[in-house]
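This report covers the fold, the cores and the aromatic contacts. The structure comes first.

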Amino acid sequence: MRVVVAGATGVVGRQVVPLLTAAGHEVVALSRKPGPQLAAGVRAVSVDALDQAALAASVRDAQPDAVVHLLTAIPARIDPRRMERDFALTNRLRTESARTLAAAAGDAGARFLAQGLAYAYDPAPGAADEDAPFWNRPPKQWATTLEALRTLERITAEAGGLVLRFGHLYGPGTAFGRGGSSLAQISARKMPVVGDGSGTFSFTHTRDAASAVVAALGHPQVSGALNIVDDEPALLRDWLPGVAALLGAPAPQKVPTAMARLAAGAWGAAFMTRLRGADNSRAKQALEWAPRYPTWREGFAAEHLGSELAA
């Protein structure tokens, strides 16, 4: 199968490309600046993903059997008070570029896969399955990004494709990876447990995200959206001290929700107190897939204690 990977040098793309080649697929890797980490034999194509004519031409020239949309432009560090600014480019990639890629895939008769989010669900008790609604009344700073996600899912559905809703990504190159901004905050005791620590996070290692992409290509009949997350949604009050201990950092501070709202805005406080975890049961069954790291404990330990990933 010839697979176009848009965003091939991103944190998930870097994991996807070698897995695809190992599985025998021919890969055409689209990125703004192809990097040296691309696997041998991969055809690298430089393209500005916001130049819609050039992007469509790149897909058309590749004559693909599948198109995988992994394009994002998320800053290394995000200011929750300025989400609209920090996610402006990513929102364009999730709308304008998604529309172009889906149309080009359709013209080629190719399958279309897109990267979504598994933590946009409306706050409610329990882990959300894919039928749960997205956030109904989100904080203002999150509204534009949420609308872009809705547009991405609508475009993908109209193309008969599949959205892979990834959780909070960790692994090489991510904010939770070595040298990442979130780990730096945890190490410096600048990421607190807010309120009662009831925000629920579903984590996804980048390698597990990549393996789900490969699995999805092997199940062309599956469409709609699937949660690609680990098996254990984790409360902030559990995982944050756990990761701090793993790093040898001091235990996180505890701050009232009102104080967090003053410091980080309504979205920053909601992110730490109201997020809903996601259920991966449907993805496991539909794709015959399972995460290599079933819990954040195993994944973070492997990542930060000198892991099997290097093997």
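Strand 1, helix 1 (residues 13-22) and strand 2 make a β-α-β unit, and the unit is right-handed. The model is a predicted one.

**The sheet**

Strand 1 pairs with strand 2 in the parallel sense, over five bridges. In this pairing Val3 stands opposite Val27 of strand 2. Strand 1 also pairs with strand 4, again in the parallel sense, over four bridges. Here Val4 faces Val67 of strand 4. Four of the five residues of strand 1 are buried, so the strand is largely enclosed by the rest of the structure.

These strands belong to an open sheet of seven strands. The order is 3-2-1-4-5-6-11, and the pairing is parallel. Strand 3 (43-46) and strand 11 (224-228) are the edge strands, each pairing on one side only. From one strand to the next, the twist averages 20 degrees. Strand 2 (residues 26-31) runs parallel to strand 3, joined to it by four bridges. Ser31 stands opposite Ser46 in strand 3.

Two helices that pack on the sheet are listed below.

| Helix | Strands touched | Angle between directions |
|---|---|---|
| Helix 5 | strand 4 (66-69), strand 5 (111-117), strand 6 (162-166), strand 11 | about 160 degrees with strand 5 |
| Helix 7 (residues 206-217) | strand 1 (2-6), strand 4, strand 5, strand 6, strand 11 | about 165 degrees with strand 6 |

**The nonpolar cores**

Which residues have the most contacts inside the largest nonpolar core? They are Trp142, Phe176, Ile186, Phe203 and Trp239, in a core of 43 residues. The elements that give two or more residues to this core are helix 5 (140-158), helix 6 (181-187), strand 8 (193-194), helix 8 (236-247), helix 9 (257-273) and helix 11 (296-304). A second core, separate from this one, has 32 residues, including Ala66, Leu113, Ile228 and Ala283.

Trp142 is worth a look on its own. Leaving aside neighbours within four places in sequence, Trp142 is in contact with Met83, Leu117, Tyr119, Ala120, Trp135, Leu149 and Trp267.

**Aromatic pairs**

The model holds 15 aromatic pairs. Phe176 and Phe300 make one of them: the ring centres are 6.0 Å apart and the planes stand at 85 degrees, so the pair is edge-to-face. Phe176 lies in the loop between strand 7 (168-170) and helix 6, while Phe300 lies in helix 11, so the pair ties together parts that are 124 residues apart in sequence. Both residues, Phe176 and Phe300, are buried.

Phe201 and Phe203 form a stacked pair, with 6.1 Å centre to centre and 25 degrees between the planes. Phe201 and Phe203 are buried too. One aromatic cluster takes in Phe176, Phe300, Phe201 and Phe203, and its members also include Tyr119, Trp135, Trp142 and Trp267.

**A buried threonine**

Is Thr204 buried or exposed? Thr204 has a relative accessible area of 2%, so it is buried, the cut-off being under 20%. Thr204 lies in strand 10 (residues 203-205). Beyond neighbours within four places in sequence, Thr204 is in contact with Phe166, Gly167, His168, Leu169, Tyr170, Ala209, Ile228 and Val229. Among these contacts, Ile228 is a member of the second core.

Terms used. Residues numbered from 1 in each chain as written. Predicted model: local features only at pLDDT ≥ 70, side-chain atom pairs only at ≥ 80, totals over all residues. Heavy atoms only, no water. Buried < 20%, exposed > 50% of the residue type's maximum accessible area, 1.4 Å probe, protein only. Contact = heavy atoms within 4.5 Å. Core = buried A, V, L, I, M, F, W, Y, C linked by side-chain atoms within 4.5 Å. Pairing = 2+ DSSP bridges. Axes fitted to C-alpha atoms, helices over the stretch in contact; angles between N-to-C directions. Phe/Tyr/Trp six-rings, centres within 6.5 Å; stacked < 30°, edge-to-face > 60°. Right-handed = clockwise from strand over helix to strand, strands pointing away.
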